Amino acid sequence: MDRRILKSRESIIEAFIKLLSEENFEQITINQIAERANVSRGTVYLHFMDKFDLLDQCIKSHLVELIESSLFCGVTGIFPSKEALLHSFRYLREHAPFYDAVLADQSVPEFRTRLQAALLRGLDKQIDMSGINQGRNKEIMLQFLASAMAGMIEWWITSSESYPAEELVEELWILMERNQMIPVPPV
């Protein structure tokens with residue numbers, strides 16, 4: 001992609017995220033986005049069909065990057081190791097303005113739904129159904145863990161009292177190990 005085109009696209013997305021942090025999605029207009037990005041309305045429409053398409057593409061790209069941040073460690077699954085979980089929470093912190101904006105905006109409820117769906121897909125392969133979980137309903141466990149993780153992410157990003165990623169991950173990992181929600185290597 002041409003550098004100028006890429007730069008315009010990045011400016012539009014950056015302007016949109018800043019606007020999301022200032023007002024509800026429903027109130028944001030293409031004119032505001034264009035003005036903030038210092039581009040014309042036509043340029044915005046060259047990249048996105050409308051503000052809903054812009055939101056959708058932002059959500060998709062951020063969720064893909066979130067999942068890839070855990071894969072950075074070279075292992076599969078969404079949180080297959082403490083290191084992968086830590087990479088994900090560091091990614092979340094680094095991109096907190098976007099996550100904070102979409103989680104705080106009540107007019108963007110599909111973000112949490114899509115986050116939870118991504119967590120469900122990634123966690124499906126990791127639930128240990130042996131030992132204490134043997135005979136339990138895997139779907140219920142998956143829904144529980146994905147909801148809990150989505151809730152923790154939302155709380156951590158939007159909370160005024162923010163814990164360091166390392167401390168949060170340590171606590172989450174212990175909780176998941178205690179409840180055999182992750183594969184625990186034999187002792």
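Which residues in H2 are buried? In this predicted model, the buried positions of H2 are Ile-30, Ile-33, Ala-34 and Ala-37. Viewed down the axis of H2, these buried residues fall within an arc of 95°, so they line one face of the helix. Helix H2 covers residues 30-37. Among the elements of the protein, H2 has the highest mean pLDDT, at 97.

The protein as a whole is helical in its assigned elements. Its secondary structure comes to nine helices and zero strands. From the N terminus on, the order is α-α-α-α-α-α-α-α-α. The chain holds 187 residues, and 39% of them count as buried. The accessible surface comes to about 10600 Å². Carbon and sulfur atoms account for 53% of that surface. Sequence separation was also examined. Among contacts between residues at least 6 apart in sequence, 63% join residues at least 24 apart.

Confidence varies along the model. The mean pLDDT of the protein is 84. A value of 70 or more is reached by 83% of the residues. Among the elements, the lowest mean pLDDT is 85, in helix H7 (residues 110-123).

The largest nonpolar core was considered next. In soluble globular proteins, nonpolar side chains tend to be buried together. Here the largest nonpolar core contains 50 residues. Phe-16, Ile-33, Phe-89, Tyr-99 and Phe-111 touch the most other members. At least two residues of this core come from each of H1 (3-22), H2, H4 (51-71), H5 (82-94), H6 (96-104), H7, H8 (138-158) and H9 (165-178). H8 gives the most, with eight residues.

Ile-33 links the account of H2 to that of the core. This residue is buried in H2, and it is among the core members that touch the most others. Neighbours within four places in sequence were left aside for its contacts. Beyond them, Ile-33 is in contact with Ile-12, Ala-15, Phe-16 and Leu-19. Its further contacts are Ile-28, Val-44, Lys-51 and Leu-54. Phe-16 thus appears twice, as a contact of Ile-33 and as one of the core residues touching the most other members.

The segment after H2 has a distinct backbone feature. H2 is followed by Asn-38, which lies in the loop between H2 and H3. Phi of Asn-38 is near 60°, a positive value in a residue other than glycine. Asn-38 is exposed, with a relative accessible area of 71%. Helix H3 (residues 41-47) comes after this loop and includes Gly-42. Gly-42 is partly exposed, at a relative accessible area of 42%. The C-alpha atoms of Gly-42 and Asn-31 are separated by 9.9 Å. These two residues are eleven apart along the chain.

Charged pairs were then surveyed. Side chains of opposite charge can pair when their charged atoms come close. The count comes to eight salt bridges. One of them joins Asp-56 to Lys-60, with the closest N and O atoms 3.3 Å apart. Asp-56 and Lys-60 are four residues apart in helix H4, which means a separation of about one helical turn. Asp-56 is partly exposed, with a relative accessible area of 23%. Lys-60 also counts as partly exposed, at 47% relative accessibility.

Asp-56 has a further partner. Its side chain meets that of Arg-114 in a salt bridge, at 2.7 Å from N to O. Arg-114 lies in helix H7 and Asp-56 in helix H4, so the pair ties together parts that are 58 residues apart in sequence. Arg-114 counts as partly exposed, at 23% relative accessibility.

Another salt bridge forms between the side chains of Glu-170 and Lys-82, at 3.0 Å from N to O. Glu-170 lies in helix H9 and Lys-82 in helix H5, so this pair ties together parts that are 88 residues apart in sequence. Both partners count as partly exposed: Glu-170 at 33% relative accessibility, and Lys-82 at 32%. Shared partners also create a network, in which salt bridges join Asp-56, Lys-60 and Arg-114.

Conventions:
Residues are numbered from 1 along each chain as its sequence is written. This is a predicted model: local features need pLDDT of at least 70, side-chain atom pairs count only at pLDDT 80 or more; totals for chains, interfaces and linings use all residues. Side-chain values use heavy atoms; hydrogens and water are left out. Buried means under 20% relative accessible area, exposed over 50%, partly exposed in between (1.4 Å probe, protein chains only). Contact means heavy atoms within 4.5 Å. Accessible areas come from the Shrake-Rupley method with a 1.4 Å probe; for residues, only the protein chains shown count as cover. pLDDT is the predictor's confidence in each residue, from 0 to 100. A nonpolar core is a set of buried Ala, Val, Leu, Ile, Met, Phe, Trp, Tyr and Cys residues joined through side-chain atoms within 4.5 Å. The arc is that of the directions from the helix axis to the C-beta atoms. A salt bridge is a side-chain nitrogen of Lys or Arg within 4 Å of a carboxyl oxygen of Asp or Glu.
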